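Let us read this structure from the inside outwards, beginning with one helix and its surroundings and ending with the chain as a whole.

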Amino acid sequence: MVFIDPIGTGFSRSLVTAGDAKTQFYSTENDIHYLSRVIYDWLVKNGRLSSRKYLVGESYGGYRGPRITHYLQTQLGVAMNGVVLVSPYLNPALVENGDVSPIPWLLTLPSIAAAHLEREHKLTAESMARVIAYTRGEYATDLLKGRSDPEATPRIVKRVTEMTGLEEEFVRRSGGRLEIGAYLREVFRESGKIGSVYDSNVTSYDPFPYAPEQRTNDPLLESMIAPTTSAMVDFVTRIVGWKTDARYNTLSYDVNNQWDRDSRGLRSGAVPDLRQAVAADPKLRVLIAHGWNDLSCPFMGSLLTVDQMPVMGDSSRVSVREYSGGHMFYSRPGSQAALRKDVREMFAKH
């Protein structure tokens, strides 16, 4: 297993100036190109070009996965046997134009409903199947009807209130269109807490509860930096034995601020490359894994995306699997075991 920390993360650093680093590493296209070359060079150096190869990426790494796979196929001449995308940032443009398009609201409702079902101890594959069916069906239809049907919005409000456990007045004022930031501040407001976008059932106290907008960092990000950094530095320096006094970047705000977010490639997402990579290699398999509660990269986006892809041979070559939990669903033993089972089944098909 080979783990790659992109430039600016972990202990990975650029040897060029800050300005050159921004140009060479902190833009979408160059990011894909240099990471693909890192993989190619490692395979050549270690004599593993003919080995079975699998690529795994999480979150933004899930955006990188299809693009790196396609770039390796077509530009560097290396094929992957399989790709596992964990909570991937796959199709960024889906969240746009919520004033007209129902799609942004279709993405968020199932994850909000899942979190409520979990709080009620009723979260199962069967209960989520009913949520997904309503979202794809009556919810989407009523959103599209808008004011052409005076009963459409009241129907939405009634059903969404029941599904989410939120106060009816909050749902009514939003028209049943639940904006993520507003929901995360509302769901635990009575207890003075705020939910995480990565799993709204992970909370922390809101230090600014009366502010008109969220003024604190995400509860999960705020709480994970210290334990993650300590664990990784201890593992690398004490257990592995690689001594360094460099800073370990679990989360780099410097890279975040320098990143080019306006590139056409980022807005286009990774789905065009996913389709082309699957078409180019009839043996390639892709497993897309999500936690039901994740609102940063909602599972519904991947379901809708894959359902619109053509079936290229065996329909199971590209599959979406959902598990209890949020963005880091694998931190739960049951979901971790289920993911392991699904990945091993994918490996066994080669």
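In this predicted model, helix α4 is largely enclosed by the rest of the structure, because 15 of its 17 residues are buried, where buried stands for a relative accessible area under 20%. The helix runs over residues 103-119 and, with nine residues, gives the most to the largest nonpolar core. Its length agrees with what a helix of 17 residues should show, since a rise of 1.5 Å a residue leads to an expected span of 24 Å and the end C-alpha atoms of α4 are 26 Å apart. After the helix comes His 121, whose phi is positive, near 60 degrees.

Within α4 lies Thr 108, and how a polar side chain is accommodated there can be followed atom by atom. Thr 108 is buried, as its relative accessible area of 6% falls under the 20% cut-off. A polar atom of its side chain lies 3.4 Å from the backbone oxygen of Trp 105, while the side chain of Thr 108 also reaches the backbone oxygen of Leu 178, at 3.5 Å. Leu 178 appears again among the contacts that Thr 108 makes beyond its neighbours within four places in sequence, together with Ile 180 and Leu 295.

From the helix we can turn to the core. In soluble globular proteins, nonpolar side chains tend to be buried together. Here the largest nonpolar core holds 74 residues, of which Met 80, Met 128, Tyr 139, Val 160, Tyr 183, Val 286 and Ile 288 touch the most other members. Val 286 shows what such a position looks like: setting aside neighbours within four places in sequence, Val 286 is in contact with Val 83, Leu 85, Leu 274, Val 278, Arg 317, Val 318, Ser 319 and Met 346. Met 346 itself belongs to a second, separate core of nine residues, which also includes Ala 289, Phe 329 and Val 343.

Finally, the chain as a whole contains 14 helices and six strands. Its radius of gyration is 21 Å, close to the 20 Å that the globule rule gives for 350 residues, so the chain is as compact as a globular protein of that length. Along its principal axes the C-alpha trace spans about 65 × 50 × 40 Å. Of the contacts with a separation of 6 or more, 68% join residues 24 or more positions apart. Among the 350 residues, 48% count as buried, and of the roughly 18300 Å² that the chain exposes, carbon and sulfur atoms supply 54%.

Methods: Residues are numbered from 1 along each chain as its sequence is written. This is a predicted model: local features need pLDDT of at least 70, side-chain atom pairs count only at pLDDT 80 or more; totals for chains, interfaces and linings use all residues. Side-chain values use heavy atoms; hydrogens and water are left out. A nonpolar core is a set of buried Ala, Val, Leu, Ile, Met, Phe, Trp, Tyr and Cys residues joined through side-chain atoms within 4.5 Å. Buried means under 20% relative accessible area, exposed over 50%, partly exposed in between (1.4 Å probe, protein chains only). Helices (H or I, at least four residues) and strands (E, at least two) are DSSP runs, numbered from the N terminus. Contact means heavy atoms within 4.5 Å. The expected span of a helix is 1.5 Å times one less than its number of residues. A polar contact is a pair of N or O atoms within 3.5 Å; within protein, one must be able to donate a hydrogen and the other to accept it, and residues adjacent in sequence count only if both atoms are side-chain atoms. The radius of gyration is taken over C-alpha atoms; the globule rule is 2.2 Å times the number of residues to the power 0.38. Accessible areas come from the Shrake-Rupley method with a 1.4 Å probe; for residues, only the protein chains shown count as cover.
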